[in-house]
Amino acid sequence: GGLQNMIWSNASLATIGGGSKNTIQSNGEFATIPGGFGNSATNYAFAAGYLARANHTGAFVWADSTVAEFASTRADQFCIRAAGGVRIDSPLGVSLDAANSPLITRGYDPFVSGAYAGLGRWGLFMEPHALVLGMPELGGKTVQVAKYQTNGFRTVLATFDQSGNLITSGTVNPSSDRNVKTNFASIECREILARVASLPIETWSYKTDTDIRHIGPVAQDFYTTFGVGSDDKHIATVDADGVALAAIQGLNQIVKEKESAIAALQRQNQSLESRLAALERVVGSLISQKGGEKP
């Protein structure tokens with residue numbers, strides 16, 4: 001059907017339904033072009049729209065009305081050019097297969113080797129046991145969470161940088177509700193304070209960001225000293241805060257005891273001063289009785 005369409009040789013069971021200047025390529029058996037203009041398809045492929053090029057076996061290429069060629073890049077690829085956007089109206093969302101593979105990638109900053117060669121490193125990846133939001137290993141690149149105004153202006157709420165640092169514009173609030181906790185046990189705050197005093201504290205840099213200095217213990221020493229947390233590779237902020245607060249309470253107990261001891265000494269000193277003053281008065285009286293002579 002249509003006008004000036006062409007099915008080349010050895011393209012058995014191929015179909016062009018209409019349109020103009022569409023071409024089934026040589027050896028393009030089972031290819032399909034339903035219509036449109038200037039489309040081309042090879043074996044088992046589908047091309048439709050305007051200047052769609054299904055150049056690889058099994059490719060599906062839909063090109064909108066944009067005046068430019070739009071071509072497949074690999075076999076069995078599903079390609080859509082839609083300048084007006086892609087709309088899917090589905091109450092159940094989009095279901096993907098169970099493979100550990102890229103889910104959505106941007107066609108920029110590509111992998112140059114490996115299983116993902118040619119795909120962009122910006123994207124959402126299903127890796128074994130992990131859903132990964134990825135970015136390319138390039139300086140200055142970040143992953144952000146932001147809120148957008150209706151005019152397109154965005155306010156950044158959180159940023160992950162190339163060194164793995166998380167920067168937020170608000171607070172980080174881990175759950176600390178009593179109702180979600182169990183296995184409570186009392187502690188000896190002075191003992192925690194003594195352990196803190198023996199805990200190695202140094203300044204250091206992360207290997208991923210050697211220009212920035214930090215201060216604190218390493219997880220191995222913290223875990224050995226206090227025995228809390230999930231492992232000896234991480235220090236949970238709730239544990240670091242708890243140790244600091246317990247040490248402060250232990251120090252407060254010592255300060256109060258010292259204050260009590262000082263208060264007792266002050267009272268004793270006041271008593272001694274009173275006794276000394278009384279004694280001086282007695283001595284002064286005796287001296288006066290003897291006519292001012294010193295004993």
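Buried, in these notes, means under 20% relative accessible area, exposed means over 50%, and partly exposed is in between. I am working from a predicted model.

**Entry: the buried salt bridge**

I started with Asp64. At 13% relative accessibility, Asp64 falls under the 20% cut-off and so counts as buried. Its partner is Arg81: the two side chains form a salt bridge, 2.8 Å from N to O. I placed Asp64 in the loop between β8 and β9, and Arg81 in strand β10 (residues 78–81), so this pair ties together parts that are 17 residues apart in sequence. Then I checked whether Arg81 is buried or exposed. Arg81 is buried, with 13% relative accessibility.

**Entry: the other salt bridges**

How many salt bridges does the structure hold? I found six.

One of the six is Arg53 with Glu69, and their closest N and O atoms are 3.3 Å apart. Arg53 is in strand β7 and Glu69 in the loop between β8 and β9, so the bridge ties together parts 16 residues apart in sequence. I looked up the burial of each partner. Arg53 is buried at 15% relative accessible area, whereas Glu69 is exposed at 57%.

I also looked at Arg87 and Asp89. Their side chains meet in a salt bridge of 3.9 Å, N to O, and both residues are exposed.

**Entry: cysteines**

I searched the whole structure for disulfides and got zero. I looked up two cysteines anyway. Cys79 is buried, its relative accessible area being 7%. Cys189 is buried too, with 7% relative accessibility.

**Entry: nonpolar cores**

The largest nonpolar core has 16 residues. Which of them touch the most other members? I noted Ile24, Ile33, Ala41, Ala47, Ala54 and Val61. Strands β7 (52–54) and β8 (60–63) each supply at least two residues of this core. As a reminder to myself, nonpolar side chains in soluble globular proteins tend to be buried together.

I picked Ala47 and listed its contacts, leaving aside neighbours within four places in sequence. Thr32, Ile33 and Pro34 are on the list, as are Asn39, Ser40 and Ala41. Ala52, Ala54 and Val61 complete the list for Ala47.

Apart from the largest core lies another one, of six residues, and among them are Ile192, Leu199, Val243 and Ala246.

**Entry: helix α2**

Next I went to helix α2, residues 219–226. Its buried residues are Ala219, Phe222, Thr225 and Phe226. Why do I put them on the same side of α2? Because they cover an arc of only 135 degrees around the axis. I then asked what the buried residues of α2 pack against, and found α1 (189–198) and α3 (237–289).

I checked both ends of the helix as well. Val218 lies in the loop between β18 (209–216) and α2, and Val218 is partly exposed at 34% relative accessible area. After α2 comes Gly227, with a positive phi near 65 degrees.

**Entry: positive phi outside glycine**

Most residues other than glycine have a negative phi, so I looked up two that do not follow this.

Asn10 has a positive phi, near 55 degrees. I found Asn10 in the loop between β1 (6–7) and β2 (15–16). Asn10 is exposed, with a relative accessible area of 59%.

Phe30 is not a glycine either, yet its phi is positive at about 65 degrees. Phe30 sits in the loop between β3 (23–24) and β4 (32–33). At 37% relative accessibility, Phe30 is partly exposed.

**Entry: the whole chain**

I finished with the totals. The protein chain has three helices and 18 strands. What radius of gyration does the protein chain have? I got 39 Å, where a compact globule of 295 residues would have one near 19 Å. Along its principal axes, the C-alpha trace spans about 145 × 45 × 40 Å.

For one pair I compared sequence and space: Val218 and Glu280 are 62 residues apart in sequence and 63 Å apart in space, C-alpha to C-alpha.

Buried residues make up 20% of the 295 residues in the protein chain. Among contacts with a separation of 6 or more, residues 24 or more positions apart account for 12%.

Conventions
Residues are numbered from 1 along each chain as its sequence is written. This is a predicted model: local features need pLDDT of at least 70, side-chain atom pairs count only at pLDDT 80 or more; totals for chains, interfaces and linings use all residues. Side-chain values use heavy atoms; hydrogens and water are left out. A nonpolar core is a set of buried Ala, Val, Leu, Ile, Met, Phe, Trp, Tyr and Cys residues joined through side-chain atoms within 4.5 Å. Buried means under 20% relative accessible area, exposed over 50%, partly exposed in between (1.4 Å probe, protein chains only). Helices (H or I, at least four residues) and strands (E, at least two) are DSSP runs, numbered from the N terminus. Contact means heavy atoms within 4.5 Å. The arc is that of the directions from the helix axis to the C-beta atoms. A disulfide is a pair of cysteine sulfur atoms within 2.5 Å. A salt bridge is a side-chain nitrogen of Lys or Arg within 4 Å of a carboxyl oxygen of Asp or Glu. The radius of gyration is taken over C-alpha atoms; the globule rule is 2.2 Å times the number of residues to the power 0.38.
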